[in-house]
Amino acid sequence: MTVTPNQNNMKQSILLTAICMMTVPFLFGQKVYQTFKDTRVINTHSTEVLEKGQMDIRIGHRFGDMFGDRGGWPTFYGLEQAEDVLIGAEYGLTKDIMVGISRTKGSGPLGQNVNGLVKWRFLEQNAEKNFLVSAAFVGLMSTSTLEANDEGTSVTAFQKFSHRNVFHTAILVARKFNQRFSLQLGAGLTHRNLVIEGDDNDILNFSASSRIQVTKSFGLILDAAYAVAPNITSENGFYPGLGVGFEFETGGGHVFQINVTNTSGILATDYIPYTTSNWGDGEFRLGFTISRQFKI
Amino acid sequence: MLNQIGVVLFIVIGFFMVGSPSLLDKTPLSDQSVYDVHLALGGEKVAHEINPEIEGVSAEKGKELFHTGVTTKPNGDKTKKQSKHFLCTSCHNSVQEDPNLSNPNPEDRLNYSRSEGLPFLQGTTMHGVTNRRTFYNDDYRYKYGQETVDKVKTNLRESIQLCAVGCAQGRALNTWEIESILAYYWSLELQMSDLSLTENEQTEIELALNEREGQAEALELLNQKYLQAAPAHFHDVPTDVKKGYEIEGNPENGKLIYEMSCLHCHENGRYSYYSLDKESLSLKHLAKHFNKKNSPYNSYNLIAKGTLPVVGDKAYMPQYPMERLSKQQIEDLRAYVSQ
């Protein structure tokens with residue numbers, strides 16, 4: 001059926017009206033609060049930062065593959081395995097800057113990682129000031145503390161200390177459209193100081209994340225990360241990281257999240273370069289994050 | 001002869017002018033402080049007059065502590081924040097919040113707060129606190145224990161300290177800080193113009209001041225015009241939370257209470273981890289909790305008893321005594337969030 005110009009105009013008008021209705025609550029009023037409930041969506045950082053003087057203790061866990069060659073009943077659908085574990089603490093230095101330190105098991109070749117984080121929210125969505133989005137810069141550095149091995153050509157030979165380091169930086173831009181829906185887009189660069197021959201030191205990456213608030217304390221979160229580099233292709237066995245999760249806020253400073261994702265690594269320095277699990281093959285896993293905030 | 005009469009008249013008139021303080025030395029009653037009039041009528045001094053021997057005392061510093069939680073020490077250094085969780089203004093106003101000080105009630109206070117743009121809070125205003133005789137009255141003995149309340153009941157300084165450490169869950173105040181806050185409170189003392197006096201009542205007090213007669217009656221009249229002690233009686237929780245207090249609620253008033261009271265602490269997590277806003281998700285969540293049976297987070301329970309601190313943190317929600325939020329107003333709030 002051919003769509004006539006009039007119908008086109010009407011459809012455009014309806015779409016425009018719908019967009020305006022969604023955004024009108026945020027065209028007038030104060031700073032927007034809680035674009036996301038937590039400083040992470042699933043894996044990707046959100047534009048949220050901790051308040052000044054607030055400490056966040058975090059524990060994250062990714063189980064093994066639910067299905068596929070390494071999943072199923074033998075591993076009790078991955079629950080008997082731990083692909084990655086994160087234990088860390090983060091702190092709000094100022095109202096817009098937070099820092100953090102964590103230890104992760106690591107799911108890629110670099111493991112026993114000590115990670116340092118800095119996040120700077122340089123823009124806060126505020127209708128009165130005509131800021132339509134929030135934006136943040138994230139910097140992450142991971143250092144593997146694995147014992148160096150004797151294999152000279154391995155990435156874990158660590159012939160220099162700098163070979164242990166992986167860096168990730170990203171710019172995130174998010175908008176809270178209304179009380180029920182937030183969307184974030186991000187672009188970043190992940191740099192590994194040492195890679196095997198033929199691999200890419202630098203990986204450009206893009207992310208898209210979303211929150212759909214179902215009730216005041218329960219939300220649905222979605223996260224996608226796409227790596228762009230000559231070697232990071234599906235032909236070479238690499239896949240975008242995709243996750244879906246459920247987020248519960250208890251109201252007492254706890255945010256609890258349960259998610260399903262194909263990424264094994266929790267941090268970007270891990271999952272951007274090393275996601276080789278494919279949703280289509282059942283290589284996704286259950287994960288959870290517990291976050292508890294304290295005023296220091 | 002006429003000249004002599006004129007001189008005599010002049011002397012007589014002059015005698016009355018000089019000898020009559022009511023004609024010469026007359027600060028209008030409305031410009032006088034209630035405490036000064038109280039003393040002039042033979043009333044007792046209060047125990048919390050400022051101690052001038054304490055170094056570093058400043059009403060300005062007291063005001064800073066009250067409104068921001070920090071000030072500068074006498075040596076110029078900044079003090080530590082009094083509390084990580086609260087300011088005094090989280091729970092207390094510093095201005096008049098009742099239109100008629102002799103008949104404070106939550107209904108009139110809500111309308112007055114709306115017209116004056118004041119938050120509608122659980123704690124009594126500090127305006128006039130130095131005119132009161134007792135503190136942490138009535139049911140506060142259940143919250144803090146009889147022993148604690150007995151120590152502070154007639155002592156405003158100790159009450160300030162209990163508020164700092166107990167209510168605000170913050171650090172203990174130094175002596176100069178307490179005295180500075182007290183000095184600030186004295187700047188908020190009641191003035192005669194704050195009281196609702198009829199012309200006759202005003203005349204009675206003026207006569208008692210000037211003529212030195214009927215002072216006891218005038219003092220009694222004066223004491224009836226403002227609170228000597230802020231009463232505080234805690235609500236009971238309805239037995240059947242679905243039925244509530246079985247009073248029809250007015251959602252218009254409920255909206256005022258939500259915006260002027262609940263959101264004062266909960267908006268965007270201002271003083272609480274539990275954040276609320278004006279959106280439907282927040283209202284629905286509260287409405288659901290009015291109906292929640294057997295839960296410490298039932299809204300009736302929270303209003304009547306407050307919350308305990310969450311594990312690992314000290315902040316909590318203080319309750320609303322009946323004198324600060326009536327049963328009618330609780331049902332008004334329920335009617336609003338349940339729309």
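I began with A:Arg58, which pairs with A:Asp56 in a salt bridge, their closest N and O atoms 2.9 Å apart. I kept in mind that this is a predicted model.

I then asked whether A:Arg58 is buried or exposed. A:Arg58 has a relative accessible area of 3%, so it counts as buried, the cut-off being under 20%. A:Asp56 is buried too, at 0%.

Next I looked up A:Glu90 and A:Arg40. Their side chains meet in a salt bridge, at 2.5 Å from N to O. This pair links distant parts of the chain, 50 residues apart. A:Glu90 lies in strand β2 of chain A, and A:Arg40 in the loop between α1 and β1. Both residues are buried.

I moved to chain B. B:Arg171 forms a salt bridge with B:Glu177, with 2.7 Å between the closest N and O atoms. B:Arg171 is partly exposed, at 22% relative accessible area. B:Glu177 is buried, at 1%.

Back in chain A, I found a network of salt bridges. It links A:Lys31, A:Lys95, A:Asp96, A:Arg121 and A:Glu124. Over all chains I noted 21 salt bridges.

How many salt bridges are there between chain A and chain B? The count is zero. I did find six residue pairs in polar contact across that interface. On the side of chain A that touches chain B, strand β12 gives the most, with four residues. That side has four nonpolar, eleven polar and six charged residues.

Last, I checked the area. The two chains bury about 1700 Å² between them, 48% of it on carbon and sulfur atoms. In chain A, A:Gln179, A:Lys216 and A:Lys295 lose the most area to chain B.

Note on methods
Residues are numbered from 1 along each chain as its sequence is written. Chains are lettered from A and ligands numbered from 1 in the order in which they are written. This is a predicted model: local features need pLDDT of at least 70, side-chain atom pairs count only at pLDDT 80 or more; totals for chains, interfaces and linings use all residues. Side-chain values use heavy atoms; hydrogens and water are left out. Buried area is the accessible area (1.4 Å probe) that two parts lose on being put together, summed over both. A salt bridge is a side-chain nitrogen of Lys or Arg within 4 Å of a carboxyl oxygen of Asp or Glu. A polar contact is a pair of N or O atoms within 3.5 Å; within protein, one must be able to donate a hydrogen and the other to accept it, and residues adjacent in sequence count only if both atoms are side-chain atoms. Helices (H or I, at least four residues) and strands (E, at least two) are DSSP runs, numbered from the N terminus. Ala, Val, Leu, Ile, Met, Phe, Trp, Tyr, Cys and Pro count as nonpolar, Asp, Glu, Lys and Arg as charged, and the others, Gly among them, as polar. Buried means under 20% relative accessible area, exposed over 50%, partly exposed in between (1.4 Å probe, protein chains only).
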